[in-house]
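User: I would like to go through this model slowly, and to hear why each descriptive term applies. Could we begin with the interior and then move on to sheets and helices?

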Amino acid sequence: MTVHPVAGDPSAATVGWVDDILFTGHPSDICLRLPEPVDKGTLRRLVGEAQTRLAEAGLRRGGAAALRLPPSLAYVVNLLATWRSGAQAVLLDHRLTDHEVDRALRRLTPQVVVAPVRTGGGALRVFVDVTEGITPWSDRPAGSPHAVIQLSSGSTGPSKVIGRTAEDLVGEVRRYTRIDGVALPGERIILLPSMVHVLGLVGGLLYGLHAGVELCPPERLGGDAILAAVAAQDSPATVLGVPFHIGLLASTTPPGRLPQLKRMTTGGELVPAAVARAFTDRYGVPLGNMYGMTEVGVIGTDLYGAHRPAIAPAPGILVRERGGELQVSCPASPYVGLADPTRWSDGWLHTRDAGVVDPDTGLVTVRGRLDSQVSVGGMKVDLTEVETTVAELPGVGAAVVVWDDGITAYVQPDGPLSEETLDKLLAERLAGYKRPRTLHLLDQLPRTTTGKLVRSASALRDAAS
């Protein structure tokens with residue numbers, strides 16, 4: 001299928017691709033287990049009914065629907081219904097505040113807003129039971145030709161508004177089918193990340209629907225519940241999550257052998273080496289790594305854990321290093337309402353990640369954020385190196401190191417730990433000019449809605465106070 005986007009009209013790029021790419025297979029094929037099975041035929045019927053409700057509320061071809069729904073069957077149905085209606089889906093994380101949502105709605109002016117009227121199932125449910133309501137918002141068409149609008153995670157600053165066309169999404173789904181180590185037709189994905197963000201949306205939902213892979217979120221977000229979801233069926237299972245989820249599993253003792261567990265794949269931040277070792281020692285399966293961005297989706301992978309911490313570029317993706325920064329091929333700017341040549345120029349996305357590309361193998365090693373290089377007394381210090389050292393200390397569950405009028409470490413203990421003990425351990429491992437000038441112990445480090453550690457110095461300062 002060829003899609004031809006028309007400027008300002010997402011409908012030209014969205015009509016048809018849901019059926020051609022996502023509703024393939026037999027109507028009786030199970031695509032979701034929530035935990036009750038949902039087959040393709042049932043999903044198609046629910047999507048059709050939702051299209052009618054959206055149209056009655058004012059959604060028109062070429063318009064936009066804002067979805068403020070938690071992970072749920074209602075979210076999946078309304079997302080696919082929006083696209084099948086030839087409209088743009090604006091994805092708003094349900095954990096955003098009313099102030100944040102209102103600000104986004106004023107900027108993006110969707111025709112309708114879909115939000116929960118009733119939610120059941122408890123705070124720790126991965127998928128919840130939702131009864132949604134649809135509210136008319138404006139009569140304006142979508143402001144751009146994108147099929148989906150997302151907000152970046154905001155781990156290092158304010159969120160950016162990012163748009164991707166249907167052609168972008170279809171291209172990424174097909175890219176997944178060419179990556180060695182992803183879940184195969186007839187297998188399962190134990191889905192942990194939110195489908196509002198790119199890993200859960202494309203790597204989980206869209207790829208699973210296209211490839212005939214069952215999506216099986218656990219009933220609750222806990223190590224035991226994740227393992228129960230793996231054991232619930234006989235087919236091979238890949239656990240898809242972020243480093244936070246690996247920590248859950250690394251600290252959970254399985255009740256017995258789990259022959260169904262094929263691997264775990266993580267996106268987001270690089271997993272600390274100690275956590276990776278704890279996971280592989282406990283489960284004896286590969287811990288795969290995936291590097292990507294909301295702007296372009298998956299960039300590179302190491303799904304067998306063979307190159308850690310390096311990754312191989314995903315099929316069709318070019319990665320280069322310029323001035324210490326990684327840049328990724330991206331034909332058009334993904335930013336909506338933002339013309340900034342320091343973020344995108346001449347077909348290249350400027351990741352603002354520091355890294356190197358091996359000229360012989362093409363493997364890419366991400367060194368952390370480009371702004372993690374600081375000068376202390378004329379000596380260059382890589383804050384990523386300091387943070388990795390802190391995170392691997394005994395008694396440390398997670399750590400963030402930032403520059404805040406000096407090297408400052410925020411630490412979430414995993415057991416008994418004092419600032420004095422921490423400082424002594426660091427003195428044994430880091431030169432004096434590299435050691436944090438200030439240490440803060442917090443019960444919980446702040447995280448973004450995708451589970452990434454927040455690296456904003458002001459936000460960390462507020463959390464510590």
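User: How many residues does the largest nonpolar core have, and which of them have the most contacts inside it?

Analyst: The largest nonpolar core has 80 residues, and those with the most contacts inside it are Trp 17, Leu 43, Tyr 75, Trp 83 and Leu 206. Its largest share, nine residues, comes from helix H7 (residues 198-211). Please keep in mind that this is a predicted model, in which local features need pLDDT of at least 70 and side-chain atom pairs count only at pLDDT 80 or more, whereas totals for chains, interfaces and linings use all residues. Residues are numbered from 1 along each chain as its sequence is written, and side-chain values use heavy atoms, with hydrogens and water left out.

User: What makes a set of residues a nonpolar core?

Analyst: The set must consist of buried Ala, Val, Leu, Ile, Met, Phe, Trp, Tyr and Cys residues, joined through side-chain atoms within 4.5 Å. Leu 43 touches Phe 23, Cys 31, Val 38, Leu 73, Val 76, Val 77, Leu 80 and Leu 209, if residues up to four places away in sequence are not counted, and contact here means heavy atoms within 4.5 Å. Apart from the largest core lies another, of 20 residues, among them Ala 229, Val 239, Leu 249 and Leu 287.

User: Why is Asn 289 called buried?

Analyst: A residue is buried under 20% relative accessible area, exposed over 50% and partly exposed in between, with a 1.4 Å probe and protein chains only. Asn 289 has a relative accessible area of 7%, and therefore it is buried. This residue is found in strand E13 (residues 287-293), and its contacts beyond four places in sequence include Thr 266, Leu 270, Arg 308 and Ile 311.

User: Is Glu 419 buried, exposed or partly exposed, and how do you know?

Analyst: The relative accessible area of Glu 419 is 38%, which lies between the two cut-offs, so Glu 419 is partly exposed. Its place is in helix H12 (residues 419-427), and it is in contact with Leu 439, His 440 and Leu 441, leaving aside neighbours within four places in sequence.

User: Why is H7 described as largely enclosed by the rest of the structure?

Analyst: Of the 14 residues of H7, 13 are buried, so this helix is largely enclosed by the rest of the structure. A helix here is a DSSP run of H or I with at least four residues, a strand is a run of E with at least two, and both are numbered from the N terminus.

User: What makes H6 roughly perpendicular to H7?

Analyst: Helix H6 (residues 166-177) and H7 pack at an angle of about 75 degrees, with their axes 9 Å apart. Axes are lines fitted to C-alpha atoms, for helices over the stretch in contact, and angles run from 0 to 180 degrees between N-to-C directions. Angles under 35 degrees count as roughly parallel, over 145 as roughly antiparallel, 65 to 115 as roughly perpendicular and the rest as oblique, so H6 is roughly perpendicular to H7.

User: Why is H9 called oblique to H10?

Analyst: The axes of helix H9 (residues 243-250) and helix H10 (residues 273-283) come within 9 Å and cross at roughly 45 degrees, and since that angle falls among "the rest", H9 is oblique to H10. Among the residues that meet are Ile 246 and Leu 249 in H9 and Val 275 and Phe 279 in H10.

User: Which strands stand at the edges of the six-stranded sheet, and why is one side of each left without a neighbour?

Analyst: The open sheet has the order E6-E5-E3-E4-E7-E8, with mixed pairing. Strand E6 (129-136) and strand E8 (161-164) stand at its edges, and because each has a single partner strand, one side of each is left without a neighbour in the sheet. The twist averages 25 degrees from one strand to the next.

User: How do you know that E7 pairs with E8, and how many bridges join them?

Analyst: Two strands pair if DSSP finds at least two bridges between them, and four bridges join E7 to E8, so these antiparallel strands satisfy the condition. One of the bridge partners is Val 161 in E8, opposite Leu 151. Strand E4 (residues 88-91) and strand E7 (residues 148-151) pair in the parallel sense over two bridges, and in E7 the bridge partner of Val 90 is Ile 149.

User: Why are both faces of E8 called covered?

Analyst: In a regular strand the side chains alternate between the two faces of the sheet. In E8, Val 161 and Gly 163 on one side and Ile 162 and Arg 164 on the other are all buried, and both faces are thus covered.
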